[in-house]
Amino acid sequence: MLVMRPAQMADLGEVQRLAADSPIGVTSLPDDVERLSDKIAASEASFAAEVSFNGEESYFFVLEDSTTGKLVGCSAIVASAGYSEPFYSFRNETFVHASRELKIHNKIHVLSQCHDLTGNSLLTSFYVQRELVGSPWSELNSRGRLLFVASHPERFADSVVTEIVGYSDENGDSPFWDAIGRNFFDLNYAEAERLCGLKSRTFLAELMPHYPIYVPLLPDSAQEAMGQVHPRAQITFDILMREGFETDHYIDIFDGGPTLHARVSGIRSIAQSRVVPVKIGEPVKGVGRQYLVANAQLQDYRAVMLELDYAPGKPVTLDLEAAEALGVGEGASVRLVAV
């Protein structure tokens, strides 16, 4: 059984193995033992803290195979994007250039650097092993953290954003970065993202142009890359779009990948999830459907995917293995939502 749980310092070696295989652009999952250690330590402190509103907390989850003890995925939530430094994006805008005398009225697509999304909660660090991409376990790895938000809304903002890794070719080159960022730094895209993972995206972002960038002046390859998704990030993009996230308004300042945004109240896994009592028994096999099921704990948070014959308004029947994985007993409550 695969179980989502909070990361622990004992997971460091396994987490670094996952980070080493993550695609270029996932700067929140650097292949660096010191940064990953800091990430896990910050997460452990966040889960242990008493919180009444979203602040500097970050919550890092891992997906563990309970049979082997191996980690097969991870994901995270930052309570407030840009809490200690601005969270920069490019905002899609339209400028109007008009001349009454010449009877010209043109609408021009421009990109303006902004930090509009600072303060929103941020989904980061999504990774699943390649053999699980496209499987229902990807849903657990992504949406399991949304069930955590549903159970602990006071810890998060009213809106959630996420940056999806943008297009880069098989050599790791990004047309969008080459057209804009590389003009300001003598770095290729892979090296720029590596530095962001080891240090901070802000120190590079603050050296990017603060004036509007006229999109028609960019090379065709850069324009075509805007809003495009890296093939290995397509799965998380698809999951979150089904969850009700929206795109089109913002893109990443480095690779031009889409930035998704949603109100918490409109996210499917949160709005449609239900808290139900538990009954220990033997569920009827082969007649149910897949559900994501989570307890409501903090440091002992657990989420799994189960086939259940659940009827709204009635207790949900869990077998002993599932109940133990979730850390719940007869009469306890769990939160569930259909896959």
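Let us start at a small turning point: just after helix α8, Gly 244 takes a positive phi of about 105°. Keep in mind as you look around that this is a predicted model. Helix α8 itself covers residues 234-242, and its buried residues are Ile 235, Thr 236, Phe 237, Ile 239 and Leu 240. If you turn the model to see what covers these residues, you will find β6, α3, β7 and β10 (258-263) among the elements that do so.

A little further along the chain comes strand β9 (residues 246-251), where Glu 246 has its place. Is Glu 246 hidden or open to its surroundings? Its relative accessibility is 49%, so Glu 246 counts as partly exposed; the cut-off for exposed is over 50%. Setting aside neighbours within four places in sequence, Glu 246 is in contact with Thr 259, Leu 260 and His 261. The C-alpha atoms of Glu 246 and Ala 262 are separated by 6.3 Å, although the two residues are 16 residues apart along the chain.

Now follow α8 back to one of the elements that cover it, strand β6. This strand, residues 121-128, is mostly covered, with eight of its eight residues buried. On one side of the pairing, strand β3 (residues 71-78) is joined to β6 by five bridges, and the two run antiparallel. You can pick out Val 78 standing opposite Leu 122 in β6. Strand β6 also pairs with strand β7 (residues 159-163), this time through three bridges and in a parallel arrangement. Here Leu 122 appears again, standing opposite Val 161 in β7.

How do β6 and β7 fit together with a helix? Together with helix α3 (residues 136-151), they make a right-handed β-α-β unit. One residue of β6 deserves a separate look: Ser 125 is found in this strand, and it has a positive phi of about 60° although it is not a glycine. Ser 125 counts as buried because its relative accessibility is 3%, and the limit for buried is under 20%.

Helix α1 (residues 12-21) brings us to β6 from another direction. Its buried residues are Leu 12, Glu 14, Val 15, Leu 18 and Ala 19. Why do they lie on the same side of α1? They cover an arc of only 160° around the axis, and that puts them on the same side of the helix. These buried residues pack against α2 (33-48), β2 (58-65), β3 and β6.

For a contrast in setting, move to the loop between β4 (89-99) and β5 (104-114), where Lys 103 is found. Phi of Lys 103 is near 55°, a positive value in a residue other than glycine. With a relative accessible area of 78%, Lys 103 is exposed. Strand β5 holds His 105, which counts as exposed at 53% relative accessibility. Not counting residues up to four places away in sequence, His 105 touches Val 96, His 97 and Ala 98. If you trace a line from His 105 to Ala 150, 45 residues apart along the chain, their C-alpha atoms are separated by 47 Å.

Stepping back, the domain assignment of the protein gives domain 1 (1-88 + 111-267) and domain 2 (272-336). Their contact takes 21 residues from domain 1 and 19 residues from domain 2. The C-alpha centres of the two domains lie 29 Å apart. How much area do domain 1 and domain 2 bury between them? The figure is about 1,800 Å², with 71% of it on carbon and sulfur atoms.

We can end our walk further along the chain, at strand β12 (residues 289-294), which six bridges join to strand β13 (residues 303-308) in an antiparallel arrangement. In this pairing, Gln 290 stands opposite Glu 307 in β13. Strand β12 is also joined to strand β15 (residues 333-338), by four bridges, and these two run antiparallel. There, Leu 292 stands opposite Val 337 in β15.

Notes
Residues are numbered from 1 along each chain as its sequence is written. This is a predicted model: local features need pLDDT of at least 70, side-chain atom pairs count only at pLDDT 80 or more; totals for chains, interfaces and linings use all residues. Side-chain values use heavy atoms; hydrogens and water are left out. Buried means under 20% relative accessible area, exposed over 50%, partly exposed in between (1.4 Å probe, protein chains only). Two strands pair if DSSP finds at least two bridges between them. A crossover is right-handed if, with the strands pointing away from the viewer, the path from the first strand over the helix to the second runs clockwise. The arc is that of the directions from the helix axis to the C-beta atoms. Contact means heavy atoms within 4.5 Å. Domain bounds come from an automatic or database domain assignment. Buried area is the accessible area (1.4 Å probe) that two parts lose on being put together, summed over both.
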